[in-house]
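Please open the model in your viewer and keep the selection tool at hand. The stops below follow one another, each with something to select and a note on what is there.

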Amino acid sequence: EELYGIKNWGNGYFSVSDSGEVLVNPYKDNGSAAVSLMDIISGVRERGLDMPVLLRFENLLDSQISFLNNSFNDAMKKLNYKGAYRGVYPIKVNQQQQVVEEVTRFGQRYHHGLEVGSKAELVAALSVMKDKEACLICNGYKDEEFIDLGLYAVKMGFKCFFVIEIPGELEIVMERSKALGIKPNIGIRIKLSAKAGGHWTESGGDRSIFGLNMSQVIAMVDELKEKNMLDSLRLLHYHLGSQIPNIRDIRSAVLEAARVYAELVKEGAPMGYLDLGGGLAVDYDGSNTNYTCSRNYTVEEYCTDIVEAVMTTLDSSEVDHPIIVTESGRTTVAYYSVLLFNVLDVEKFEEHHDIPDKLDENTSEQIRNLYDVNRNITLKNIQECYNDALYYRDEIRDMFKHGRLSLRERAFSEKIFWNTINQIAKEKKKLKNAPPDLEDIESAIADIYYCNFSVFQSIPDSWAIDQLFPIMPLHRLLELPKRNAVIADITCDCDGKIDHFIDLHDVRNTLPLHEMKNGDDYYLGVFLVGAYQETLGDLHNLFGDTNVVSVRINSDGTYDLVKEIHGDSVSDVLSYVEFDPKDMLVSFREKAEQAIHDGLISASERPEIMRAYDNGLRGYTYYER
Ligand code: PLP
């Protein structure tokens, strides 16, 4: 349990049972509601669904929305804030229809709205939104069609805001509102000087691509005044970036934005809404630090700091407290989904390559040198031995290429090499400060666990930006895991692997896993993947969407499968890249016919062969049992 840090990142939702299985429990205080993920896997298997499966827990979404709204409401009550909180969910973070629908359903009691960044997202939002008290924030580049639709939404009673992202947009909004005779709610996105640390820092700061600088803000106010439309300016928006790990950055941005807000009120704009964008981070590694995969604050502290900063700034300018809007995506949906998959095979690192006590007399000089390195490793010279081992290994490879060593000799030298690396890694463990060159040595001698999923499809941020997610076995957690592993997916791409794992104090290069028992299934879970991963995933090697199963956990510890979405079949993914499965069948049949003609197969074998092809087309893109 401690090995995987589940207590730190599980947020009270995930834990380990007395029998060593991972439990999920949305009702944190009610222990008897917990359900084992292994039970859910059995249920899913019995219904005929194969791994990998993306599990969604609808109660976790409900809990997170409540938690965010309650935290803001509590902070406002405690500090005697006179405005209110209205959260919006940015559709881009997970656009799946089911997710957007559930967010609106669970959010209704808090008037939790939606944020859209494109025409398509606006069209989607308007199909699910019902609550006229909730905000509908339109960010992103907007054309006439987009603006017309937003204006009609205003006419229909929705609190729809156009956030002006670049100066030129204002003119189209004014023009269309005049043409349709509908008064718009205008927001203005600003570039703050404040910039935050983390992966997405470019969203904030003076050089961020979206938003208006202060002279553009003033020009816009003047233009609105000139056109007699300043009374449409209702909202100020900024977005500092996603996953802001340091509360100080959040605080200084709010203070700056609240000053701009106060100035806009002084200019005569009615305002009323201050939208702080996203950025509320998720503590993926559970370290509660300002490391990029964590955050050095709690949600409660985030809310209190924001409310306090807005109040202090506005009270001193005698400006009314606005409705505070945040566009928290990651925090709302990250916990909601867990990716489950099975291990297909393991390539074990051979720790005990048998090295002879003495070398044969006619062993080549380079292999002899490597052997000498192997025999002389001490704690003091590990860096030197490491360099020498690499040098001789490369020399031996070159000699093989030039035909001066046989395959047998090369194979023998590799045994010595890996035995050497293994010894060096063992010595390194005794050092407090290991040499930087040896930083990754553990992953070089780790086992490779081949797993039934695609990094590119299911956790693209792990590949693209080295985002860390908690990963752990879902069972056997009373046994000490004896193997150190890296994870390989089934894409056969050398980037299709995970070799960085969360750790409280650092990043780990290997993950402790259990030895595979003959023939028994071994399941792993990747947690906190509800935000961004599904949408960014791609079809690398034509591995498609995984099966998705939505679960509702009941307070008595039972669960219901509320929705099941079957993953892509082979023919689905092929049609995404413009193959036509019908034409493909015809073309393959012609090849089979030709093979009959050429005497390679008999006519009676053709149906069997065609069935194999057809089964291939219908199959799940992942490894099926
Ligand atoms: N709002 C805007 C404008 C964004 O671009 C994003 C994503 O980066 C978000 C909100 C969501 O941010 P987060 O997921 O950090 O809450």
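Select strand 15 (residues 471-473) together with strand 21, which pair in the antiparallel sense over three bridges; strands here are DSSP runs of E with at least two residues, helices are runs of H or I with at least four, both numbered from the N terminus, and two strands pair if DSSP finds at least two bridges between them. Within this pairing, M472 stands opposite G525 of strand 21. What you are viewing is a predicted model, in which local features need pLDDT of at least 70 and side-chain atom pairs count only at pLDDT 80 or more, while totals for chains, interfaces and linings use all residues. Residues are numbered from 1 along each chain as its sequence is written.

Add strand 13 (residues 337-347), which runs antiparallel to strand 21 and is joined to it by four bridges, with F341 standing opposite L524. Now colour strand 21 (residues 523-526) by side-chain direction: Y523 and G525 point one way, L524 and V526 the other way, and all are buried, a residue being buried if 20 or more other C-beta atoms, placed from the backbone, lie within 10 Å of its own, exposed if 12 or fewer, and partly exposed in between.

Move next to K92, in the loop between strand 5 (88-90) and helix 4 (97-107). An unreviewed UniProt entry annotates K92 as "modified residue: N6-(pyridoxal phosphate)lysine", and such annotations may be inferred rather than shown by experiment. Is K92 buried or exposed? K92 counts as buried because it has 20 C-beta neighbours inside 10 Å. Leaving aside neighbours within four places in sequence, K92 is in contact (C-beta atoms, placed from the backbone, within 7 Å) with G117, E121 and T535.

For the interior, select I188, A257, L274 and L340, the residues with the most contacts inside the largest nonpolar core, which has 150 residues; a nonpolar core is a set of buried Ala, Val, Leu, Ile, Met, Phe, Trp, Tyr and Cys residues joined through C-beta atoms within 7 Å. Helix 9 (residues 247-266) supplies the largest share of this core, nine residues. Apart from this core lies another, of 18 residues, among them V373, I382, I416 and I441.

Finish at the open sheet of three strands, ordered 1-2-3 with antiparallel pairing. Its edge strands, each pairing on one side only, are strand 1 (14-16) and strand 3 (35-36). Two bridges join strand 2 (residues 22-24) to strand 3, and V24 has V35 as its bridge partner there.

Technical notes
Contact = placed C-beta atoms within 7 Å.
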